[in-house]
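Colleague: Could you take a close look at one part of this model for me, namely the salt bridges, and walk me through them slowly?

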Amino acid sequence: MNSARNIQDSWREFAEDILQPFFDYLSERVGAESSILHTLERYRTRIEWFDREELYTRFEADRAHGEEIYNLGLQRFLFLEGDHITHAKPRSASGEADLIGDLDGRDPLVCDGKISDGQGRGKGYIVKGVHQIIK
């Protein structure tokens, strides 16, 4: 029981220390500077309010391809709802980003989705994704 509480506390700390500042930053820029950030904010809200359970069920059914399930959902939303044309899994010197779009435009997009499980895929795994995006 104590280990379950520690895991919950770790996830809560991760959300408060990492995710919330990131989403706050995105929210500050949304609308003022970036249509892609506005679309990403709408996607996050849609998942939180409406599609969280359905998306998680698909993830649980195929955990080996979990990141791809989430990335495909985002790519579909960007195309259908935001009219953003993206390309999945483009190669670069640092590996593969999950999505890119409008790299030559005013509002470029480079995304790399990572699922952190707190075990083999912890902070280092997320740092790897950030590194891929920067490169």
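Modeller: The structure, which is a predicted model, holds six salt bridges, and I will follow some of them through helix H2. Helix H2 covers residues 35–61 and has the highest confidence in the protein chain, at a mean pLDDT of 88, whereas the mean for the protein chain is 77.

Let us begin with Arg 44, whose side chain meets that of Glu 41 in a salt bridge, at 2.4 Å from N to O. Arg 44 and Glu 41 are three residues apart in helix H2, and therefore about one helical turn separates them. Arg 44 also forms a salt bridge with Glu 48, where the closest N and O atoms are 3.0 Å apart; these two residues both lie in helix H2, four residues apart, which is about one turn of the helix. An α-helix has 3.6 residues a turn, so residues three or four places apart point the same way. Glu 41, Arg 44 and Glu 48 are thus linked in a network of salt bridges.

The two acidic partners can also be described by their accessibility: Glu 41 counts as buried because its relative accessible area is 18%, under the 20% cut-off, while Glu 48, at 37%, counts as partly exposed.

Another salt bridge joins Glu 81 and Arg 42, with their closest N and O atoms 3.7 Å apart. This pair links distant parts of the chain, since Glu 81 belongs to helix H3 (residues 66–82) and Arg 42 to helix H2, 39 residues apart. Glu 81 is partly exposed, with a relative accessible area of 42%, and Arg 42 is likewise partly exposed, at 33%.

Technical notes. Residues numbered from 1 in each chain as written. Predicted model: local features only at pLDDT ≥ 70, side-chain atom pairs only at ≥ 80, totals over all residues. Heavy atoms only, no water. pLDDT = per-residue confidence, 0-100. Salt bridge = Lys/Arg side-chain N within 4 Å of Asp/Glu carboxyl O. Buried < 20%, exposed > 50% of the residue type's maximum accessible area, 1.4 Å probe, protein only.
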